[in-house]
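Thanks for coming. I will go through a few side-chain contacts and then one surface feature, so please keep the structure open.

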Amino acid sequence: MDIHTLSDIEEIKQLKARYLRLVDEKNWDEWADVFTEDLCAWLGDVPDQQLNSRDEFITFIRRAIGAAVTIHHGHMPEIEISGPDTARGIWAMYDYVKFTGPNGILELDGYGHYREEYRKGADGRWRICSLRLTRILGMVEQLEMMSKKPTIPASRDASSEDQLVQL
């Protein structure tokens, strides 16, 4: 790997770090600058949502988590420079979302992967041009689990529904 490739990879890591920090700070104007205007985003668990511009994506995310406390982490980047102005990457992710309202507190944890494509602009800065978020355990699944009371087996040999104890 040459020094230019390593420099580009480091710039993309910094880009993703800004993405994560700015979304948690709810700094929407600065956050917009991490994306190309023609961003294509797909979120697989809210449920299945495709957004076809930077403005559409930011509007959706602001509405979805703007009132929540959030923590976003990206880990273990796999970044490949695919051309002089193009790259792609995969990031392991964790996010925490906490909503507080008149009906109490709702907390969600998310685990999954960001699959992204990057493009270097005329200003020499890398931006995210494609984002695909897949979750191993998604928010919709967590909400469904929360709405059901957990059950445990009544005994170690419980194998039928009638032997389950609802908590």
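Which residue forms a salt bridge with Asp 123, and how far apart are the closest N and O atoms? The partner is Arg 127, with 2.9 Å between those atoms. Keep in mind that this is a predicted model.

The two ends of that bridge sit in unlike surroundings. Asp 123 has 49% relative accessibility and counts as partly exposed. Arg 127, at 12%, counts as buried, because the cut-off for buried is under 20%. Asp 123 falls under the other heading because exposed starts over 50%.

Nor does the pair stand alone. Asp 123 and Arg 127 belong to a network of salt bridges that also takes in Asp 33 and Arg 125.

Next, the count. How many salt bridges does a search of the whole structure find? It finds 10. I will take two more of them, both with one end in strand E5, which covers residues 104-120.

One is between the side chains of Asp 8 and Lys 120, at 3.2 Å from N to O. Asp 8 is in helix H1 and Lys 120 in strand E5, so this bridge ties together parts that are 112 residues apart in sequence. As for accessibility, Asp 8 is buried at 10%, and Lys 120 is partly exposed at 21%. That 21% sits just on the partly exposed side, because buried means under 20%.

The other joins Arg 119 to Asp 38, with an N to O distance of 2.6 Å. Why does this pair tie together distant parts of the sequence? Arg 119 lies in strand E5 and Asp 38 in strand E1, residues 35-43, so the linked parts are 81 residues apart in sequence. Here both ends are partly exposed: Arg 119 has a relative accessible area of 32%, and Asp 38 is at 46%.

Last, the surface feature. Which residues make the nonpolar surface patch? They are Met 1, Ile 3 and Leu 6, and the patch comes to about 390 Å². Leu 6 is placed in helix H1, residues 3-25, the helix that also holds Asp 8. Leu 6 counts as partly exposed, with 43% relative accessibility. That value is enough for the patch, because patch residues need over 30% relative accessible area.

To recap: helix H1 carries Leu 6 of the patch and the Asp 8 end of the bridge to Lys 120. Questions are welcome.

Technical notes:
Residues numbered from 1 in each chain as written. Predicted model: local features only at pLDDT ≥ 70, side-chain atom pairs only at ≥ 80, totals over all residues. Heavy atoms only, no water. Patch = residues over 30% accessible without salt bridge, like charges linked within 9 Å, V, L, I, M, F, W, Y side chains within 5 Å. Areas by Shrake-Rupley, 256 points an atom, 1.4 Å probe, with all protein chains shown as cover. Salt bridge = Lys/Arg side-chain N within 4 Å of Asp/Glu carboxyl O. Helix = DSSP H or I, 4+ residues; strand = E, 2+ residues; numbered from the N terminus. Buried < 20%, exposed > 50% of the residue type's maximum accessible area, 1.4 Å probe, protein only.
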